[in-house]
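Welcome! Let's explore this structure together, one question at a time.

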Amino acid sequence: MPRDWTRQPAARAPAYRSSSMRSPEHARISMPATPTENIGPVFTRDSLGPLDHDLIVNHARPGQTAMGARLIVHGRLLDQTGRGVPGALIEVWQANASGRYRHKRDGYLAPLDPDFGGCGRVITDQNGAYMFRTIMPAPYPWPNGGNDWRPAHIHFSVFGQCFAQRLVTQMYFEGDPLIARCPIVNAVPDQDAIARLIAQPDMEATVPMDARAYRFDIVLRGRRASYFENRPEGI
Amino acid sequence: MSDDLHETASQTAGPYVHIGCMPNACGITGVFAEDLGAQMLQAETPGQRIAIEGVIFDGDGAPLTDAVVEIWQADEQGRYTTRSAAFSGWGRAAADAETGRWRFETIKPGAVPCPDGTVMVPHITVWIIARGINIGLHTRMYFPEDYDMQAHDPVLARVQPTGRLHTLIAEPGPDATYNFNIYLQGPKETVFFDV
């Protein structure tokens, strides 16, 4: 299915200053998906380690856990027809409970947590479901307009079943007052599309006396029945 | 169809994309055994060894030193062999933190047949994410030695007027290395696709 550009951010979002010099000025050239885009890389659980999905412990010293409010983040990876997307790689990264990234270019004065790396990855199950454990990231200031603060967020990189489904996005948390003030969020021109980037608390998935849960479903572009012989569907 | 769901909105990968996509390359070791896509070639991978490298430039002519580049390509016979242990066709590289240069060691792909009977000349999909890029930029790299075949390529035929076609053709260098610089703005702006 063709991409709906009314629900995607423009390349150039003036309030997000980094986009001004990094946004192409020519219109994209439209092309139909070919075999190149109707197929994509395949990842298997063999390429992942047993703790890759557990940010609470995957960078922690023996016997330690990451500092911060313990969370389960889960949801389903769907395509536009509502079908679950199985076997898809999801990679996540985030700041720690103080709003600091483990990255040499992050100079925020909040401290690093020796027990938190900030990366995780998981492969969706046969129904397209995924789950990882982490801690609540904090908002942090960033150099943009002088006094801009990112809402708490988790970055997602998602592979589907073909390269035309590739998606990178960010997940926010319900109730965060910084969401509506964020120039990166507001690069998305549609309020409903923004609302779907905001994860909802999920009390049923909460682990009592352990971790709260948030649910975040992700939708990739749909695949229509097409001419493609050995792979019956294309974008 | 009105019943269809909407594709989730894209958001920038931000300046710290390496933490999630290539943690070992940015000093977060001991979490993932390896950075996915860092090595495309195996000893048994068939095909002509080549390297592809380049720099992405912004509208001020400054190199992007915080980008992640992914490539996606067919094997030497023009097939997408996603489950082959010898060659998956997918690679990922970080721009150098000082120079912005990225590099892949891979094989030259073959021409790719399409179901409608047309044939796409050898090409490599290049996909860029970085701070300031709100939705991943999708382009293709073609090879200078295939010039004669490119006039019949169904995707290149869409690049009209043809004055910007040259932005999709790599420059040959020594030792089977192709240079593919990418310009985000200005008179040399690279062609990007909406697939």
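A quick definition before we begin: two strands pair if DSSP finds at least two bridges between them. Keep in mind that this is a predicted model.

Q: Which strand of chain B is joined to E1(A), and do the two run parallel or antiparallel?
A: Pairing takes at least two bridges. Two bridges join E1(A) to residues 193-194 of chain B. The strand there is E12 of chain B, and the two run parallel.

Q: Which residue of chain B does A:Ser30 stand opposite?
A: Look across to E12(B), where the partner of A:Ser30 is found. That partner is B:Asp194.

Q: Which strand gives the most to the side of chain A that touches chain B?
A: Across the two chains, 72 residues of chain A are in contact with 60 residues of chain B. Elements that each supply at least two residues of chain A's side include strand E1 (29-30), helix H1 (35-38) and strand E9 (167-173) of chain A. With four residues, the one that gives the most is E9(A).

Q: How many residues of the side of chain A that touches chain B are nonpolar?
A: The residues on this side divide into three groups. Of these, 17 are charged and 22 are polar. The nonpolar group has 33.

Q: Which are the edge strands of the sheet E3-E2-E7-E8 in chain B?
A: This open sheet is formed by four strands in that order, with antiparallel pairing. An edge strand here pairs on one side only. In chain B, that holds for strand E3 (90-94) and strand E8 (137-142).

Q: How many bridges join strand E7 of chain B to E8(B)?
A: Strand E7 covers residues 123-129 of chain B and runs antiparallel to E8(B). One place to look is B:His123, which stands opposite B:Tyr142 in E8(B). The number of bridges joining these strands is six.

Q: Which residue of E11(A) stands opposite A:His74?
A: Strand E2 (residues 70-79) of chain A pairs with strand E11 (residues 212-215) of chain A in the parallel sense, over four bridges. Opposite A:His74, in E11(A), stands A:Arg215.

Q: What is the bridge partner of A:Pro201 in E11(A)?
A: Strand E10 (residues 198-201) of chain A is joined to E11(A) by two bridges, and they run antiparallel. In E11(A), the partner of A:Pro201 is A:Tyr214.

Q: What is the mean pLDDT of chain B?
A: For the model, the scores are ipTM 0.97 and pTM 0.97. In chain B, 99% of the residues reach a pLDDT of 70 or more. The mean for this chain is 96.

How values were computed
Residues numbered from 1 in each chain as written. Chains lettered and ligands numbered in written order. Predicted model: local features only at pLDDT ≥ 70, side-chain atom pairs only at ≥ 80, totals over all residues. Contact = placed C-beta atoms within 7 Å. Nonpolar A, V, L, I, M, F, W, Y, C, P; charged D, E, K, R; others polar. pLDDT = per-residue confidence, 0-100.
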